[in-house]
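Reader: I'm new to reading protein models, and I learn best by zooming in on one piece. Please take me through this one slowly, in plain words.

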Amino acid sequence: VPKRQRRVQELAVVTSNGKLLIYDTATGSSLRTVDAHNGDINYVAYSFDGSMVATASDDHTARLWNADTYACLHTLQHNNFVWAVAFSKLNRSVVASC
């Protein structure tokens, strides 16, 4: 995913119904609602270059999202709840904690 130039500062908020809410931090306005998971979302993280977002969920998945379109890039299936996700500084890997 190419490095993105942010036009607005975004805040990602997770919900207990599987939705990922994206807000403009300057205005507080809602930019997007993403039907991200089939269970509670426990954690969200932006990649260091801002090109991707990762989410962790009770639906036993971690998902990678394109931060411009919020299209799902990859779903990582696990055997248990996924509690957290984090990117490496060079965005070469993402880790998930179950």
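Of the contacts in the protein chain with a separation of 6 or more, what percentage comes from residues 24 or more positions apart? After that, please give me a close look at the open sheet of 4 strands.

Author: Ground rules to begin with: this is a predicted model, where local features need pLDDT of at least 70, side-chain atom pairs count only at pLDDT 80 or more, and totals for chains, interfaces and linings use all residues. Residues are numbered from 1 along each chain as its sequence is written, and side-chain values use heavy atoms, with hydrogens and water left out.

Now your number: it's 33%, the part of those contacts in the protein chain that residues 24 or more positions apart account for. A contact here means heavy atoms within 4.5 Å.

Before we zoom in, here's the backdrop. The protein chain has 9 strands and 0 helices, so reading along the sequence gives you β-β-β-β-β-β-β-β-β. Those labels come from DSSP runs, numbered from the N terminus: a strand is E over at least two residues, and a helix is H or I over at least four. The radius of gyration is 13 Å, close to the 13 Å from the globule rule for 98 residues, so the chain is as compact as a globular protein of that length. (That radius is taken over C-alpha atoms, and the rule is 2.2 Å times the number of residues to the power 0.38.) Along the principal axes, the C-alpha atoms fill a box of roughly 40 × 30 × 15 Å. Of the 98 residues, 39% are buried, where buried is under 20% relative accessible area, exposed is over 50%, and partly exposed sits in between (1.4 Å probe, protein chains only).

OK, on to your sheet. The strand order is β4-β5-β6-β7, and the pairing is antiparallel. Two strands pair if DSSP finds at least two bridges between them. At the edges stand β4 (41–46) and β7 (72–77), each with a single partner strand, so one side of each has no neighbour in the sheet. Ignoring direction, neighbouring strands are turned by 15° against each other on average; the axes behind that angle are lines fitted to C-alpha atoms (for helices, over the stretch in contact), and angles run from 0 to 180 degrees between N-to-C directions.

Let's start at the β4 edge. β4 pairs with strand β5 (residues 52–57) over 5 bridges, in the antiparallel sense. If you want a pair to find on screen, Tyr-43 has Ala-56 in β5 as its bridge partner. The two strands make a hairpin with 5 residues between them, where Gly-50 takes a positive phi near 80°.

Follow the chain out of β5 and you get to His-60, in the loop between β5 and β6. Its phi is near 75°, which is positive even though His-60 isn't a glycine. That's worth a pause: most residues other than glycine have a negative phi. With a relative accessible area of 26%, His-60 is partly exposed.

At the other edge, 5 bridges join strand β6 (residues 61–66) to β7, and the two run antiparallel. Here the pair to look for is Trp-65 with Cys-72 in β7.

For comparison, peek at the earlier strands. Strand β1 (residues 10–14) pairs antiparallel with strand β2 (residues 19–24) over 5 bridges, and Leu-11 stands opposite Tyr-23 in β2. Their hairpin has 4 residues between the strands, with Gly-18 in the turn at a positive phi of about 85°. β2 is also joined by 5 bridges to strand β3 (residues 30–35), again antiparallel, with Ile-22 and Arg-32 as bridge partners. That hairpin has 5 residues between its strands, and Gly-28 in the turn has a positive phi of about 80°. Ser-29 is in the loop between β2 and β3; leaving aside neighbours within four places in sequence, Ser-29 touches Ile-22, Tyr-23 and Asp-24.

One last stop, past your sheet. Asn-91 lies in the loop between β8 (84–87) and β9 (94–97). Like His-60, Asn-91 is a residue other than glycine with a positive phi, here near 60°. But Asn-91 is buried, at a relative accessible area of 18%, whereas His-60 is partly exposed.
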